[in-house]
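Colleague: I would like to go through this structure with you, one short question at a time. Please show it first.

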Amino acid sequence: MGVATINVATLIGFYVKMNKKNSIYSQIEDLKDRIFVLSERLYRPDISISEQREINKRKKKLLKNKEKLEKRLDKSKDI
């Protein structure tokens, strides 16, 4: 009976880790989409300089968040 409990606990732990990884993957995909949208907006001819700065600032922040998530994902693969 003790062995079955360990196996169930192991399966639950595995399930939680997989959910976290899937969550990270979906967050990365969302960030990629948002970065793409901002990049597309930069190509509009009627955009002002201040808007360009603001978009670049947001884009830089999104890229930084994406890198953090990718590092977290790499760390979880090592375990």
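Colleague: Is Val8 buried, partly exposed or exposed?

Modeller: Keep in mind that this is a predicted model. Val8 is found in helix 1. Buried means under 20% relative accessible area, and exposed means over 50%. Val8 has 47% relative accessibility, so Val8 counts as partly exposed.

Colleague: Which residues form a nonpolar patch on the surface?

Modeller: Val8 is one of them. Together the patch residues have about 380 Å² of accessible area. The patch is formed by Val8, Ile12, Tyr15 and Val16.

Colleague: How many helices and strands does the protein chain have?

Modeller: Helix 1 covers residues 2–42. Helix 2 covers residues 49–78. The count for the protein chain is zero strands and two helices.

Colleague: What percentage of the residues in the protein chain is buried?

Modeller: The protein chain has 79 residues. A residue must be under 20% relative accessible area to count as buried. The buried share is 15%.

Colleague: What share of the accessible surface belongs to carbon and sulfur atoms?

Modeller: Begin with the total for the protein chain. Its accessible surface comes to about 6700 Å². The share of carbon and sulfur atoms is 59%.

Colleague: Which helix supplies the largest share of the largest nonpolar core?

Modeller: That core has 10 residues: Ile24, Ile28, Leu31, Ile35, Leu38, Ile47, Ile55, Leu62, Leu69 and Leu73. Each of helix 1 and helix 2 supplies at least two residues of this core. The largest share is five residues, and it comes from helix 1.

Colleague: Which residues does Ile47 touch, leaving out those up to four places away in sequence?

Modeller: Ile47 belongs to the largest nonpolar core. Touching here means heavy atoms within 4.5 Å. With residues up to four places away left out, Ile47 touches Arg41, Leu42, Gln52 and Ile55.

Colleague: What share of the contacts with a separation of 6 or more joins residues 24 or more positions apart?

Modeller: Here is one pair that is distant in sequence. Glu67 lies in helix 2. Glu67 and Ile28 are 39 residues apart along the chain, with 8.8 Å between their C-alpha atoms. For the protein chain, the share of such contacts at 24 or more positions is 63%.

Colleague: Is Glu67 buried, partly exposed or exposed?

Modeller: The cut-offs are under 20% for buried and over 50% for exposed. Glu67 has a relative accessibility of 47%. Its value lies between the cut-offs, so Glu67 is partly exposed.

Colleague: How far apart in space are Lys32 and Lys66, C-alpha to C-alpha?

Modeller: Lys32 has its place in helix 1. Lys32 and Lys66 are 34 residues apart in sequence. In space, C-alpha to C-alpha, the distance is 7.8 Å.

Colleague: With which residue does Lys32 form a salt bridge?

Modeller: Look along helix 1, three residues away from Lys32, or about one turn of the helix. Lys32 is partly exposed, at 38% relative accessibility. Its partner is also partly exposed, at 41%. The closest N and O atoms are 3.4 Å apart, and the partner is Glu29.

Colleague: Why are Arg34 and Asp30 separated by about one helical turn?

Modeller: Both residues take part in a salt bridge, with the closest N and O atoms 3.6 Å apart. Arg34 is partly exposed at 42%, and Asp30 is partly exposed at 39%. They are about one helical turn apart because their spacing in helix 1 is four residues.

Colleague: What is the N to O distance in the salt bridge of Glu54 and Arg58?

Modeller: Both residues lie in helix 2, four residues apart. Glu54 is partly exposed at 38%, and Arg58 is partly exposed at 37%. A salt bridge must fall within 4 Å. The distance for this pair is 3.9 Å.

Colleague: Which residues are linked in a network of salt bridges?

Modeller: The structure holds six salt bridges. Some of these salt bridges form a network. The linked residues are Arg44, Asp46 and Glu51.

Colleague: Which side chain does Ser39 join in a polar contact of 3.0 Å?

Modeller: Ser39 has its place in helix 1. Ser39 counts as buried because its relative accessibility is 17%, under the 20% cut-off. The polar contact joins the side chain of Ser39 to that of Lys59.

Notes. Residues numbered from 1 in each chain as written. Predicted model: local features only at pLDDT ≥ 70, side-chain atom pairs only at ≥ 80, totals over all residues. Heavy atoms only, no water. Buried < 20%, exposed > 50% of the residue type's maximum accessible area, 1.4 Å probe, protein only. Areas by Shrake-Rupley, 256 points an atom, 1.4 Å probe, with all protein chains shown as cover. Patch = residues over 30% accessible without salt bridge, like charges linked within 9 Å, V, L, I, M, F, W, Y side chains within 5 Å. Salt bridge = Lys/Arg side-chain N within 4 Å of Asp/Glu carboxyl O. Core = buried A, V, L, I, M, F, W, Y, C linked by side-chain atoms within 4.5 Å. Polar contact = N/O pair within 3.5 Å; in protein donor to acceptor, adjacent residues only side chain to side chain.
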